[in-house]
Amino acid sequence: MLYSILPMEVVLEGNDTFSPMHMEMKRNGRTLLVEQVSAHEMRIERLVLGMSIDDYLDPAYQPGTLIPVFEINQND
């Protein structure tokens, strides 16, 4: 539930046109689903299935972690 003094049209403006661009990238031999958040950073959305359970428990690959773009490209 959202309480706001603004009209609902203003609150939700642009919500229907937002479409994130997800890409699959490799980092240290692991396939990640990432979203570019700036010219220099990617945000991990999730690991792609088929990884070891240890990869899912590794904090370096948790969703929301920011990774420099140059680091992803170098570690294919």
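Visitor: Which residues does R43 touch, not counting residues up to four places away in sequence?

Guide: This is a predicted model, and within it R43 touches L33, V34, E35 and V37 on the one hand, and G64, T65 and L66 on the other, once residues up to four places away in sequence are set aside. To read such a list, it helps to place the residue in its element first, and R43 lies in strand β3.

Visitor: What are the bridge partners of R43 in the strands with which β3 is paired?

Guide: In β4 the bridge partner of R43 is L66, while E35 has R43 as its bridge partner in β3. The C-alpha atoms of R43 and L66 are separated by 4.5 Å, although the two residues stand 23 residues apart along the chain.

Visitor: Is R43 buried, partly exposed or exposed?

Guide: The relative accessible area decides this, and a residue counts as buried under 20% and as exposed over 50%. With a relative accessible area of 29%, R43 is partly exposed.

Visitor: How is the sheet ordered, and which strands are at its edges?

Guide: A sheet is read by asking which strand pairs with which, and here an open sheet of four strands has the order β1-β2-β3-β4 with antiparallel pairing. The edge strands are β1, residues 22-27, and β4, each of which pairs on one side only. From one strand to the next, the twist averages 50°.

Visitor: How many bridges join each pair of strands?

Guide: Between β1 and β2, which run antiparallel, there are six bridges, and M25 stands opposite L32 in β2. Strand β2, residues 30-36, pairs with strand β3, residues 41-47, over five bridges in the antiparallel sense, and there L33 stands opposite R46 in β3. Three bridges then join β3 to β4, residues 66-68, again with the two strands antiparallel; besides the pair of R43 and L66, M42 has I67 as its bridge partner in β4.

Visitor: Which strands form hairpins, and how many residues are between them?

Guide: A hairpin is read from its two strands and from the residues between them. In the hairpin of β1 and β2 there are two residues between the strands, whereas the hairpin of β2 and β3 has four residues between its strands.

Visitor: What is the phi of N28, and where does N28 lie?

Guide: Most residues other than glycine have a negative phi. N28 is not a glycine, and yet its phi is positive, at about 55°. The residue lies in the loop between β1 and β2, and it is partly exposed, with a relative accessible area of 39%.

Visitor: Why is β2 described as largely enclosed by the rest of the structure?

Guide: Here one counts the buried residues of the strand, and because five of the seven residues of β2 are buried, this strand is largely enclosed by the rest of the structure.

Visitor: Which residues form the largest nonpolar core, and which elements give two or more residues to this core?

Guide: The largest nonpolar core has nine residues, namely M25, L32, V34, M42, I44, L47, Y61, I67 and V69. The elements that give two or more residues to this core are β2 and β3, and the largest share, three residues, comes from β3. Two of the bridge pairs described above reappear in this list, since the core includes M25 and L32 as well as M42 and I67.

Visitor: What pattern does the chain follow, and how does its radius of gyration compare with that of a compact globule?

Guide: The chain has three helices and four strands, and along the sequence these elements follow the pattern α-β-β-β-α-β-α. For the overall form one compares the radius of gyration with a reference: a compact globule of 76 residues would come near 11 Å, but the chain has 16 Å. The C-alpha atoms fill a box of roughly 50 × 25 × 15 Å, taken along the principal axes.

Visitor: How much of the chain is buried, and how much of the accessible surface belongs to carbon and sulfur atoms?

Guide: Buried residues make up 21% of the 76 residues, and of an accessible surface of about 5800 Å², 57% belongs to carbon and sulfur atoms. As for contacts, among those between residues at least 6 apart in sequence, 32% join residues at least 24 apart.

Terms used: Residues numbered from 1 in each chain as written. Predicted model: local features only at pLDDT ≥ 70, side-chain atom pairs only at ≥ 80, totals over all residues. Heavy atoms only, no water. Pairing = 2+ DSSP bridges. Axes fitted to C-alpha atoms, helices over the stretch in contact; angles between N-to-C directions. Buried < 20%, exposed > 50% of the residue type's maximum accessible area, 1.4 Å probe, protein only. Contact = heavy atoms within 4.5 Å. Core = buried A, V, L, I, M, F, W, Y, C linked by side-chain atoms within 4.5 Å. Rg over C-alpha atoms; globule rule 2.2 N^0.38 Å. Areas by Shrake-Rupley, 256 points an atom, 1.4 Å probe, with all protein chains shown as cover.
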